[in-house]
Amino acid sequence: MQILHTSHIGGFMEKKGKFIVLEGGEGSGKSTCIGVLKERLPLIFGAHAFLFTREPGGTAIGENIRRILMSKDPGLEHMQPLTELMLFCAARTEHVQTVINPALQNGTHIVCDRFDASTIAYQIDALERNDLRSDFEILNALALGHRSRKVFHQWMGGPHPDIYIILDVDPWVGLERTAEAKGKDTTRFDDKEIAFHVRVRESFLRFAQIHPESAVVLNANMAQEDVVQEVLDIILSVVDS
């Protein structure tokens, strides 16, 4: 995977930060991995080398949108799929323009808990709403700062992740983990039927097949410490490339 991450400033080539995304279904262990990475990466690269963020969220506006999207308020139970999709992309717009782009330009590496692969998995494939795919392509392009409609991941520029690390877990195992970790404090996505989560997993695996140059799948059914070590090894490789 050869991707140029430099910009010309004052006659010198300044290296941009690397954009790393962790993806996966419920109970895949993303939060645990990120917790460990927050401890280890600053020890290796320095206190300010990495920025950790999440989607939806990452900004004040994004976190407010997140509260709506994750809420189990009965009044939100019948939210239109297009409304949900637009809210995710609205949060991403704020995130990309005010946090992700500036950090990458300044040479800061980013570790993001979910990005656009999750939107495809949860808001399109899991809901079996392939009719929304073209809408997503337009909305996601706008969120990434593009102003022309193209095929997904074929725009020039934009903050496309250097690597998507997809933590692949059996949906039944993942939901058991989620129940044990959260107890009754679950989101409306945790409470979806098992078929929904199976489609989420299939979508992530399909995403990795379509984008082998930028996505890697890890077996998240392994022991937690082994998963964390593999994630760390991948990140070290990407940052050093």
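Let's start inside the protein, with Lys30: its relative accessibility is 8%, so this residue counts as buried. Keep in mind as you look around that the model is predicted.

What does Lys30 pair with? It forms a salt bridge with Asp113, and the closest N and O atoms of the two are 2.6 Å apart. If you trace the chain between these partners, you will find that they belong to distant parts of it: Lys30 sits in helix α1, which covers residues 30-45, while Asp113 sits in strand β5, which covers residues 109-113, and 83 residues separate them. Asp113 has a relative accessibility of 13%, and because buried means under 20%, this partner counts as buried too. In general terms, side chains of opposite charge can pair when their charged atoms come close.

That pair belongs to a wider set, for the structure holds twelve salt bridges. Another of these joins the side chains of Glu128 and Arg199, with a distance of 3.8 Å from N to O. Here, too, distant parts of the chain are linked: Glu128 lies in the loop between α4 (116-125) and α5 (133-143), Arg199 lies in helix α7, and the two are 71 residues apart. Is Glu128 buried or exposed? Its relative accessibility is 58%, so Glu128 counts as exposed.

Now move along to Asp131, which forms a salt bridge with Arg129; their closest N and O atoms are 2.8 Å apart. Asp131 is partly exposed, with a relative accessible area of 48%. Arg129 is partly exposed as well, at 27%. Elsewhere, Asp125, Arg133 and Arg206 are joined into one network by salt bridges that share partners.

Next, follow the chain to Ser214, in the loop between α7 (194-210) and β7 (215-219). Ser214 has a relative accessible area of 5%, so this residue is buried. Its side chain has a polar contact of 3.5 Å with the side chain of Glu213.

Our last stop is at the surface. Which residues form a negative patch there? They are Glu225, Asp226, Glu230 and Asp233. One of them, Asp226, is found in helix α8, which spans residues 224-240. With a relative accessibility of 40%, Asp226 counts as partly exposed, whereas Ser214, where we stopped before, is buried.

How values were computed
Residues numbered from 1 in each chain as written. Predicted model: local features only at pLDDT ≥ 70, side-chain atom pairs only at ≥ 80, totals over all residues. Heavy atoms only, no water. Helix = DSSP H or I, 4+ residues; strand = E, 2+ residues; numbered from the N terminus. Buried < 20%, exposed > 50% of the residue type's maximum accessible area, 1.4 Å probe, protein only. Polar contact = N/O pair within 3.5 Å; in protein donor to acceptor, adjacent residues only side chain to side chain. Patch = residues over 30% accessible without salt bridge, like charges linked within 9 Å, V, L, I, M, F, W, Y side chains within 5 Å. Areas by Shrake-Rupley, 256 points an atom, 1.4 Å probe, with all protein chains shown as cover. Salt bridge = Lys/Arg side-chain N within 4 Å of Asp/Glu carboxyl O. Lys, Arg positive; Asp, Glu negative; His and termini not counted. Charge placed at Lys NZ, Arg CZ, Asp CG, Glu CD.
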